[in-house]
Amino acid sequence: MTTQSKAMKTYQAAAAIPQFTSKDYFSFCLAGALCCTITHGAMTPVDVVKTRIQIDPAYKKLNMMTGTRYVIATEGPRALLTGFGPTAVGYFIQGGAKFAGYEYWKKRSVEFVGGQEAAVKYRTAIYLGSASIAEFFADILLTPLEATRIRLVSDRTYATGLVTGFTRLAREGGIRELYAGFLPILCKQIPYAIGQFAVNEFCHEIVFRSMSEESRRTLSSTSKFTIQLGSGVIAGFAAAILSHPADTLLSQINKGHGPKGSMPHRLAVLAREAGFRGLFAGLGPRMVMTAGLVSGQFLLYGAIKEALGAPPGVEIHKETGAAV
């Protein structure tokens with residue numbers, strides 16, 4: 001192949017990649033923000049019980065159902081909504097940055113390797129890298145609000161809500177305390193994002209690979225919903241398992257547990273004290289919660305994007321190089 005032919009092929013590959021405008025990225029951001037704040041807000045009661053099981057000795061031997069009943073019996077039904085404010089606000093910001101960031105970095109990665117056809121070979125690395133980079137920047141925004149949420153959930157007397165809790169934490173601990181959980185939240189959220197996005201992509205690929213092109217083009221709304229739901233549930237299970245040990249350590253750090261010293265040292269000590277069993281305490285409830293979160297997020301994200309008139313993202317599944 002001549003140099004001119006290679007250049008023409010590279011140009012054609014680049015030209016085939018969808019070109020997103022700033023309006024498109026705003027739509028991705030808004031859709032991601034809304035899908036995350038709605039789903040995380042709705043899961044607040046589950047997260048309250050899960051966090052109590054992780055850090056409160058009184059809940060150690062309880063499961064999701066008995067833990068919920070115990071919260072209601074000892075504190076009343078309103079306690080199940082503890083931390084709703086920082087959850088809704090934090091994941092609105094984080095969700096927008098994460099979903100728009102994933103779309104952006106996936107597209108840039110495809111451009112970097114020379115187009116959608118070439119990207120198929122590197123799709124695993126593209127999924128992992130795009131999810132990780134997007135989550136890193138999203139977590140810079142999320143960490144202070146997540147620290148506030150955990151304080152509110154773990155200490156019922158800490159503050160009355162988001163504003164008072166955030167203000168107290170910032171006043172008493174400053175930036176250091178607000179970002180005390182940044183490293184563990186990265187350890188939690190990056191594996192979570194990898195499970196969420198990469199496993200969802202591969203689940204779709206497996207399903208679509210078993211279909212003819214004609215069958216795929218004529219999928220009914222019910223079939224599309226079933227594929228999205230099933231892929232989201234499986235991705236949610238993966239995200240929960242991959243991120244749960246760090247989620248447990250994050251709760252302990254924000255509760256103030258652990259020795260003094262650097263964050264890696266504190267995490268290592270807490271991990272040794274918890275042991276394998278302790279690191280996975282509360283995994284069952286969290287798997288249920290995360291499966292609902294991830295599947296709900298992808299369903300809402302697609303629906304909101306469509307309502308906003310946003311273009312489809314870049315698809316690099318093995319069987320095709322088209323957009324979805």
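Biologist: Which residues of helix H3 are buried?
Modeller: This is a predicted model, in which local features need pLDDT (the predictor's confidence in each residue, from 0 to 100) of at least 70, side-chain atom pairs count only at pLDDT 80 or more, and totals for chains, interfaces and linings use all residues. Residues are numbered from 1 along each chain as its sequence is written, and side-chain values use heavy atoms, with hydrogens and water left out. Helices (H or I, at least four residues) and strands (E, at least two) are DSSP runs numbered from the N terminus, while buried means under 20% relative accessible area, exposed over 50% and partly exposed in between, with a 1.4 Å probe and protein chains only. The buried residues of H3 are Thr44, Asp47, Val48, Val49, Lys50, Thr51, Arg52, Ile53, Gln54 and Ile55.

Biologist: How many of the 12 residues of H3 are buried?
Modeller: The rest of the structure largely encloses H3, because its buried residues number 10 of 12. The count asked for is 10.

Biologist: How far apart are the end C-alpha atoms of helix H3?
Modeller: The expected span of a helix is 1.5 Å times one less than its number of residues. For the 12 residues of H3 (residues 44–55) this gives 16 Å, which agrees with the separation of the end C-alpha atoms in the model, 17 Å.

Biologist: Where is confidence lowest in the chain?
Modeller: The chain averages a pLDDT of 86, and 92% of the residues score at least 70. Over residues 4–15 pLDDT stays under 50, and the model has 5 contacts (heavy atoms within 4.5 Å) for them beyond four places in sequence. Helix H2 (residues 22–42) has the highest mean, 95, whereas the lowest, 47, belongs to helix H1 (residues 3–16).

Biologist: Which residue meets Glu201 in a salt bridge?
Modeller: A salt bridge is a side-chain nitrogen of Lys or Arg within 4 Å of a carboxyl oxygen of Asp or Glu, and the count by this rule comes to 17. In one of them, the side chain of Glu201 pairs with that of Lys106 at 2.9 Å, N to O. Because Glu201 is in helix H9 (residues 182–209) and Lys106 in helix H5 (residues 84–113), the pair ties together parts 95 residues apart in sequence. Glu201 is buried at 10% relative accessible area, as is, at 5%, its partner Lys106.

Biologist: Which residue forms a salt bridge with Glu146 at 2.9 Å?
Modeller: Glu146 lies in helix H7 (residues 123–154), and its partner is 3 residues away in that helix, about one turn. Both residues are buried. The partner is Arg149.

Biologist: How many residues apart are Arg286 and Asp247?
Modeller: The side chains of Arg286 and Asp247 form a salt bridge of 3.5 Å, N to O. Arg286 belongs to helix H13 (residues 283–308) and Asp247 to helix H11 (residues 221–255), distant parts of the chain with a separation of 39 residues.

Biologist: Which residues are linked with Arg286 in a network of salt bridges?
Modeller: Arg286 and Asp247 are both buried. The network joins Arg286 with Asp47, Glu146, Arg149, Lys188 and Asp247.

Biologist: Which residue's backbone oxygen lies 2.9 Å from a polar atom of the side chain of Thr248?
Modeller: Thr248 is in helix H11 and is buried, at 3% relative accessible area. Leaving aside residues up to four places away in sequence, Thr248 touches Gln54, Gly278, Leu279 and Ala281. The backbone oxygen in question belongs to Leu279.

Definitions and conventions:
A polar contact is a pair of N or O atoms within 3.5 Å; within protein, one must be able to donate a hydrogen and the other to accept it, and residues adjacent in sequence count only if both atoms are side-chain atoms.
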